[in-house]
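Welcome, and thanks for opening the viewer. Have your selection tool ready, and we will walk from stop to stop together.

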Amino acid sequence: MKPSTVEKTPAYKTNLWVPKKNGLGIKNWLINHTSAHSYSWKFYLGVFRGILKGSRMMKYPVLGKIYKTLMMFGNENRHTSATVYNLNVDVSDKAKSSVIPMDLVKDAIKQAGYIASMKTCLCRDAQNCKDYPKDVCCLFLSKSGKRVVSHDIAYEISKEDALKRVDQAAKLGLICQSLWVEVEQLIWGFANDEMEHFVEICFCCPCCCVGFNLSRNASREIKERFRPTGWTAIVDKDACTGCGECCPPGLCPQDAISMVDGKAEVVQDYCVGCGICKSRCSFDAIKIRQTKPMLGSMKEYFLKEGGLDLKFK
């Protein structure tokens, strides 16, 4: 008889992240001066292109391990994680839920003590996106916002304008993510004691987003670091024509949708509700609906799903 196997819960889902001390400040000084500034922006556009190209190496055992180590994915104790907040959900069952993903995004903005907007979207700028505007871009909250402003790659934005940004992103069909990416400390130049104040809210296009593209090339243990807010894609089998436009190879960043018996089918355990498949369906056969209970706030998602007790003020 084969011994039973017990699926191991990744450490980043059980262990609380502990901020590192500044020590002598040597590391902080180095990353502050070598990270993205207005004068080094073009260099970091190349870095982001390299991150995307390098992600294709994850399917190879040795090169994949090197890539994961460089990206700080290799150790299961790493806490890099993202939550997807689809801004365009089907609210036909609104009576069952008084809160939708957009509400959580706006609540986080209202709680923030400081908000900065990037001057341009690094992902869309790096890929020279032609389909979505580059100025509907990431917001950084708290001390992380002050840092990117000090590097002249962002500007302070009012809460009112930040809330308008969310509505603008929704109209454009962009997908919101809240992110805490450990390796981005080196890119943005955050000091060790600023990492617990690192809150990034991105408005992502399906074509250029480094996170989505990285997930497309990643193994399942990396994909699971991207989470839904309880809203996922649902297929109306009666409306589905079986055309397959929603699930060509490499479209879904989670490999969550495929054709089964001539109809599109979504694996709910994998789906993050990004809606990329929905945007490709010409027959309105895919909806983004609440399929699981939601948590109460963006901060709670960081804490319970990523083990990150972050400061929004």
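Before the first selection, a word on labels: helices (H or I, at least four residues) and strands (E, at least two) are DSSP runs, numbered from the N terminus. Please keep in mind that this is a predicted model.

**Stop 1: two loop residues**

Select Asn-128, which sits in the loop between helix H5 (122–127) and E3. Look at its backbone: phi is positive, about 50°, although Asn-128 is not a glycine. Why is that worth a stop? Most residues other than glycine have a negative phi. Is Asn-128 buried, partly exposed or exposed? Its relative accessibility is 40%, so Asn-128 counts as partly exposed.

Now move to Asp-152, in the loop between helix H6 (142–150) and E4. Asp-152 is another residue other than glycine with a positive phi, here near 65°. With 40% relative accessibility, Asp-152 counts as partly exposed.

**Stop 2: the sheet**

Next, show the strands. You should find an open sheet of seven strands with mixed pairing, and reading across it gives the order E4-E2-E3-E6-E5-E1-E7. Which strands form the edges? They are E4 (154–156) and E7 (226–228), each of which pairs on one side only. Turn the view to follow the twist, which averages 25° from one strand to the next.

Select strand E6 (residues 199–204), where six of six residues are buried. In a regular strand the side chains alternate between the two faces of the sheet. For E6, color Val-199, Ile-201 and Phe-203 for one side, then Glu-200, Cys-202 and Cys-204 for the other; all of them are buried, and both faces of the strand are covered.

Now add the partners of E6. Strand E3 (residues 139–141) runs antiparallel to E6 and is joined to it by three bridges; within this pair, Leu-139 stands opposite Ile-201. E5 is also antiparallel to E6, with five bridges between them, and here Gln-177 has Cys-202 as its bridge partner.

Stay on Gln-177 and look toward strand E1 (residues 81–85). Five bridges link E1 to strand E5 (residues 175–180), and the two run antiparallel. Which residue of E5 is the bridge partner of Val-84? That is Gln-177.

**Stop 3: helices H4 and H7**

Hide the sheet and select helix H4 (residues 101–111) together with helix H7 (residues 159–172). Their axes come within 9 Å and cross at roughly 160°. Angles over 145 degrees count as roughly antiparallel, and therefore H4 is roughly antiparallel to H7. The crossing of this pair is right-handed.

Show side chains at the contact: Met-102, Val-105, Lys-106, Ile-109 and Lys-110 in H4 meet Lys-159, Ala-162, Leu-163, Val-166, Asp-167 and Ala-170 in H7. By type, the contact has seven nonpolar residues, four charged and no polar ones.

**Stop 4: helices H2 and H9**

Finally, select helix H2 (residues 41–55) and helix H9 (residues 210–217). Their axes lie 8 Å apart, and the helices pack at an angle of about 20°, which means that H2 is roughly parallel to H9. This crossing is left-handed.

Zoom in on Phe-48, Ile-51, Leu-52 and Ser-55 in H2, which meet Val-210, Asn-213, Leu-214 and Asn-217 in H9. This contact divides into five nonpolar and three polar residues, with no charged ones.

Key:
Residues numbered from 1 in each chain as written. Predicted model: local features only at pLDDT ≥ 70, side-chain atom pairs only at ≥ 80, totals over all residues. Heavy atoms only, no water. Axes fitted to C-alpha atoms, helices over the stretch in contact; angles between N-to-C directions. Parallel < 35°, antiparallel > 145°, perpendicular 65-115°, else oblique. Left-handed = near helix turned anticlockwise from the far one by under 90°. Contact = heavy atoms within 4.5 Å. Nonpolar A, V, L, I, M, F, W, Y, C, P; charged D, E, K, R; others polar. Pairing = 2+ DSSP bridges. Buried < 20%, exposed > 50% of the residue type's maximum accessible area, 1.4 Å probe, protein only.
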